[in-house]
Amino acid sequence: MRAEPLAIPGCYLLTLPRFPDARGEFRKLLHAPSLAALGLETGFTESYVSVSHRGVLRGMHFQLPPSDHAKLVTCLVGRARDGLLDLRRGSPAYGHSLSVILDGDDPQAIYVPRGVAHGFASHRDGTALLYYTTSVHDPECDAGVHADSAGVDWWAGVDAIDAPVMSPRDVALPAFAAFKSPFTFHEKS
């Protein structure tokens with residue numbers, strides 16, 4: 001596994017090992033020792049898969065303390081622009097966002113630390129993202145900020161979507177500017 005630090009501290013783009021042969025391909029999606037060697041959390045307790053049509057915009061999601069969590073996200077099928085927004089007060093990247101393309105044909109994953117919001121725009125029908133989280137879903141702590149306030153160009157590199165498909169919950173999320181963050185940045189020791 002190769003790890004590339006991203007512009008938001010604690011976020012990594014991981015290139016996952018793949019083993020092609022005459023039958024197809026085998027991919028390793030999670031290797032806790034490699035993550036631990038980077039000082040990242042490895043205690044994943046739950047996983048999810050979302051499948052989205054082209055033009056779907058999901059996010060920006062996170063869980064509030066005490067149920068906050070780190071995430072590991074990869075694209076199994078399709079293509080998505082994955083967006084991250086730093087919500088940690090005191091972080092050198094507080095309020096900054098970044099995005100990367102995750103593609104099912106290119107085995108990569110994004111490591112998202114606690115206090116960083118996550119969302120994505122589906123660029124192809126049938127886009128399937130797999131998430132691992134370090135805490136179980138807690139509806140009382142489930143939160144987010146509106147995707148349009150994250151500063152991500154969700155449709156860069158593809159034909160723009162005039163009206164992305166969003167859940168009523170995501171449409172009603174507050175703008176980042178109105179969000180009072182409970183997250184604090186902590187440097188690794």
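In the predicted model, Phe179 has a relative accessibility of 15% and is therefore counted as buried, since a residue is placed in this class when its relative accessible area is under 20%. Phe62, with a relative accessibility of 4%, is likewise counted as buried.

A search of the whole structure for contacts between aromatic rings finds six aromatic pairs. The ring centres of Phe62 and Phe179 lie 5.3 Å apart and their planes meet at 65 degrees, so this pair is described as edge-to-face, the term applied when the planes are over 60 degrees apart. The pair links distant parts of the chain, because Phe62 belongs to strand E6 (residues 57-63) whereas Phe179 lies in the segment after helix H2 (168-171), with their positions 117 residues apart in the sequence. Phe62 and Phe179 also belong, together with Phe183, to one aromatic cluster.

Tyr94 and Phe176 form an aromatic pair as well, with a distance of 5.7 Å from centre to centre and an angle of 55 degrees between the planes, and this pair is classed as tilted. Tyr94 is found in the loop between strand E8 (79-86) and strand E9 (97-103), while Phe176 lies in the segment after H2, so that the pair ties together parts of the chain that are 82 residues apart in sequence. As for accessibility, Phe176 counts as buried at 15%, whereas Tyr94, with a relative accessible area of 33%, is partly exposed.

Technical notes:
Residues are numbered from 1 along each chain as its sequence is written. This is a predicted model: local features need pLDDT of at least 70, side-chain atom pairs count only at pLDDT 80 or more; totals for chains, interfaces and linings use all residues. Side-chain values use heavy atoms; hydrogens and water are left out. Rings of Phe, Tyr and Trp (its six-membered ring) pair if their centres lie within 6.5 Å; planes under 30 degrees apart count as stacked, over 60 as edge-to-face and the rest as tilted. Helices (H or I, at least four residues) and strands (E, at least two) are DSSP runs, numbered from the N terminus. Buried means under 20% relative accessible area, exposed over 50%, partly exposed in between (1.4 Å probe, protein chains only).
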